[in-house]
Amino acid sequence: KKVTSHLPASLSLLLAPLLHFSPRRRTLTLSRYPPSQLTKRGRVTRRRGKRKGKTFFDRMNNTFLNMASIGDFDPLNASIPATKVEITVSCRNLLDRDTFSKSDPICVLYTQGMGNKEWREFGRTEVIDNTLNPDFVRKFILDYFFEERQNLRFDLYDVDSKSANLSKHDFLGQAYCTLGEVVGSLGSRSEKALGGIQGKNCGTIIVKAEELNNCRESVMMQFCGNKLDKKDFFGKSDPFLVFYRSNEDGTFTICHKTEVVKNTLNPVWQAFKISVRALCNGDYDRTIKVEVYDWDRDGSHDFIGEFSTSYRELSRGQSQFNVYEVINPKKKGRKKKYLNSGTVTLLSFLVDIDVTFLDYIKGGTQINFTVAIDFTASNGNPAQPTSLHYMSPYQLNAYAMALKAVGEIIQDYDSDKMFPALGFGAKLPPDGRISHEFALNGNPQNPYCTGIDGVMEAYYQSLKSVQLYGPTNFSPVINHVARYAASVKDGSQYFVLLIITDGVISDMAQTKESIVNAACLPMSIIIVGVGPAEFDAMVELDGDEIRISSRGRYAERDIVQFVPFRDYIDRTGNHILSMARLAKDVLAEIPDQFLSYMRTRGIKPSPAPPPYTPPPYTPPGQPIQTQI
C-alpha cells in the first residue's frame with residue numbers, strides 16, 4: 001500500500017496483482033508483459049493427466065527402444081506448453097459514471113481453476129481515460145486446451161483514484177463466457193451484453209481471440225558429425241545427439257534425441273522435425289544445449305562432449321556459423337593441448353508453419369455432437385437409488401455427469417447448439433418394440449435437442465417412458481452418426497459421438513466393423529463406461545495398443561477413446577472436479593483425431609472471415625469517440 005500510494009492510478013492498478021501474487025495462480029505472469037516478451041518471461045504450465053494418444057514423442061521413442069534414457073526423459077510429462085491464445089478486449093457504450101467527463105475504464109479478467117468455482121484474478125488491462133468506447137491495448141495471453149472448460153469473467157470498472165483496490169472504483173458491468181466459446185465463434189470474435197447492474201443497460205463487450213504464431217512453428221533440422229572421439233575398444237563410436245532447452249531457473253529440459261548411427265566417427269543423422277515450442281518455448285535467443293554420446297548396449301552411454309547454440313543461430317542455416325566444436329570439459333581441464341572432441345555441423349534448417357485445430361475452427365468448421373445413452377436393464381430400476389439411472393433430487397447420476405462434462409465443452413464449437421440425442425437397449429411405448437437407435441425426445445424424424453440442457457431434459461423424460469431392456473448393441477448408433485458424416489466430407493463438419501454405457505458389449509463383431517468403416521469418415525467416438533463392470537472389451541475398441549480390425553481390414557486411423565468414469569471420481573465427493581477430469585481426458589485426443597482426418601484427405605482450413613467490428617450505437621446528432 002505504501003508503494004502504490006505514490007504511483008499514478010493506472011500504474012498502481014496494473015501492479016496490484018503482482019503485489020498480491022499467489023503461487024497458485026497458473027500462468028499469472030503472462031499478462032504482465034508485452035507480447036514480444038511473453039515467450040521469454042511467461043510461465044509455462046504442465047499438462048497433467050495421462051495422454052493415451054500417440055504423441056510426437058511416443059513415435060520418436062519407438063526409434064530408441066535399444067537406447068537407455070539420458071537423464072529423466074519422460075515424454076508424457078515433458079513440459080511442452082499448450083497452445084497460447086491472445087485475447088483482445090473492446091467495449092461499446094459503457095455506463096458514464098463521471099459527472100464532468102466520461103468514464104475511465106479498465107477491464108479485469110478472472111479465470112476459474114479446474115474443478116472448483118473460485119474466481120481468481122488473471123490480469124488487468126490499462127486504464128483508458130475519458131471514453132465509453134475503449135479498445136484496450138494490453139492483451140491477455142491464455143493457455144488453450146480444447147479438452148477443458150475454461151471459464152472467463154470480464155469485469156469493467158471506472159477508475160476514480162490511485163487505489164489498487166477495485167472496490168474503491170465504480171463497477172461498470174461484467175460478462176461471462178468460455179475460451180472455447182470465443183475461439184468457436186465466427187472469426188473467433190464474441191460480442192456479449194454487459195450485465196451485473198439491475199435495471200441498467202451496461203453496454204457491450206467484444207472479445208477476440210488469436211492463436212500466437214510461435215506456437216505453430218516447427219523446424220526440420222539435420223546434423224552431421226566429423227572426427228568425433230573414438231570411445232569403443234573394438235570399433236569406432238556409435239554416436240547420437242541429445243537436445244535440451246534451457247529453463248528460466250538455469251536448469252535444462254530434454255526435448256529431443258536423435259537415432260544412433262553405428263560404428264562411425266563421421267555420422268550423418270536423419271533429419272528430424274520438432275516444434276519451436278518444444279525446442280526453445282518460442283524464445284529465439286534461449287540457450288539450446290546439445291550433448292553428444294557414444295551409445296552402449298548396457299545403457300552406460302559414454303559422454304563425448306557438448307556444445308551450445310540458440311534458435312536464432314540455427315536459423316542462419318548451413319554456414320560457418322553453424323559448425324560447432326564438441327567440447328568435453330573434463331578433457332579440456334586435464335589436457336593442455338586439447339582442442340575438441342570433433343565437430344557437429346548443421347546440414348539443413350527448414351521452418352514450417354503447422355496448420356492447427358484452431359485454424360479449421362476459425363475457418364468455420366463445425367463440431368457436431370451426438371450422444372447415445374445405454375438403456376439396458378443391467379443399469380437397474382431408475383426408481384431405485386442403487387440404479388445408475390437413478391434421478392436423485394440432490395445430485396446428478398453418472399450418466400448425467402458424463403453427458404454434461406463432455407457436452408458443455410463441445411457445444412462451444414457448434415453454432416446452432418442443436419444436438420441429436422439417442423438411446424439404445426430399451427422397449428419403447430406403446431407396443432414394447434426393442435430399439436437400439438431411438439430419439440430421446442420421442443421424435444425419430446427430428447431427434448435434435450436444444451443445447452445440453454435440452455439433451456438432459458430429454459434423457460430424464462425417456463427414463464419415465466421407456467422400459468429398460470437389452471442387449472447392449474453399439475453398431476446401430478455408430479452407423480447412425482456415420483451416415484451423416486459420410487454425407488459431409490469437405491472439412492466443413494466433424495462429428496463426435498459420445499456413448500455412455502454400463503456394461504459388456506453384445507455386438508462386438510458388428511461394432512468393430514462399424515468403427516473400421518467410420519475411421520475413414522470425419523468422426524470420432526468417445527465411450528464412457530459407468531458403474532462397477534469390467535470393460536475389457538472396450539480397451540480393444542480403443543485401439544491405442546493394437547489398431548482395431550474387422551475381417552482382416554484395419555481401421556485407417558484411431559477414432560475411439562474409452563475411459564471408465566470410476567477412474568475420475570473425486571474421493572472427496574467434488575463432482576465438479578470429477579466432471580472436469582473426465583472431460584479433460586476423453587476430449588484430449590479429439591484435436592489430433594480431427595487433424596489426422598483433415599491431413600490425410602488434404603483438406604486445408606478455409607480462410608478466416610475478415611475481422612469485423614459493428615459500428616457502435618450513437619445517439620442521433622452525437623459523434624462517437626473511440627480512444628486507444
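Strand 8 gives the most residues to the lining of the second largest cavity, three in number. The model behind this description is predicted. Two cavities of 30 Å³ or more are counted in this model. The second largest has a volume of about 40 Å³. Its lining consists of Val85, Val183, Ser188, Ala209, Glu210, Glu211, Leu358 and Lys362. Two elements each supply two or more of these residues: strand 8, residues 204-211, and helix 8, residues 357-362. By character, the lining of the second largest cavity divides into four nonpolar residues, one polar residue and three charged residues.

Confidence varies along the chain. The mean pLDDT of the protein chain is 82. A value of 70 or more is reached by 83% of the residues. Residues 1-81 stay under 50 in pLDDT. For this stretch, the model has 156 contacts beyond four places in sequence.

A hairpin is formed by strand 10 and strand 11. Strand 10 covers residues 239-246, and strand 11 covers residues 252-257. The two strands pair in the antiparallel sense, over five bridges. Within this pairing, Tyr244 has Ile254 of strand 11 as its bridge partner. Five residues lie between the two strands of the hairpin. In the turn, Gly250 has a positive phi of about 90 degrees. Asn263 also has a positive phi, near 55 degrees, and is a residue other than glycine. Asn263 is placed in the loop between strand 11 and strand 12, the latter spanning residues 272-275.

Another part of the model holds an open sheet of three strands. The strand order is 20-19-23, and the pairing is antiparallel. Strand 20 (433-435) and strand 23 (467-468) stand at the edges, and each has a single partner strand, so one side of each is left without a neighbour in the sheet. Strand 19, residues 426-428, is joined to strand 23 by two bridges. These two strands run antiparallel. Ala426 stands opposite Leu468, which belongs to strand 23. In a regular strand, side chains alternate between the two faces of the sheet.

Cis peptide bonds occur in loops that adjoin these strands. One joins Pro429 and Pro430, with omega about 0 degrees. Pro430 lies in the loop between strand 19 and strand 20. Another cis bond runs from Gly470 to Pro471, with omega near -5 degrees. Pro471 has its place in the loop between strand 23 and helix 11, residues 475-486.

Aromatic rings were also examined. A pair of aromatic rings is described by the distance of the centres and the angle of the planes. The count comes to 23 aromatic pairs. One of them is formed by Phe146 and Tyr413. The centres of these two rings are 5.1 Å apart, and the angle between the planes is 50 degrees. The arrangement of Phe146 and Tyr413 is tilted. Phe146 lies in the loop between strand 4 (140-144) and strand 5 (151-158). Tyr413 lies in the loop between helix 9 (398-410) and strand 18 (418-424). The pair therefore ties together parts that are 267 residues apart in sequence.

Terms used: Residues are numbered from 1 along each chain as its sequence is written. This is a predicted model: local features need pLDDT of at least 70, side-chain atom pairs count only at pLDDT 80 or more; totals for chains, interfaces and linings use all residues. Side-chain values use heavy atoms; hydrogens and water are left out. On a 1 Å grid over the protein atoms alone, a cavity is a set of points where a 1.4 Å probe fits but cannot get out, and a pocket is an open set with protein on both sides within 12 Å along at least five of seven lines; lining residues have an atom within 4 Å of a point. Grid points are joined across faces, edges and corners, and a volume is the space filled by probe spheres set on the points. Helices (H or I, at least four residues) and strands (E, at least two) are DSSP runs, numbered from the N terminus. Ala, Val, Leu, Ile, Met, Phe, Trp, Tyr, Cys and Pro count as nonpolar, Asp, Glu, Lys and Arg as charged, and the others, Gly among them, as polar. pLDDT is the predictor's confidence in each residue, from 0 to 100. Contact means heavy atoms within 4.5 Å. Two strands pair if DSSP finds at least two bridges between them. Rings of Phe, Tyr and Trp (its six-membered ring) pair if their centres lie within 6.5 Å; planes under 30 degrees apart count as stacked, over 60 as edge-to-face and the rest as tilted.
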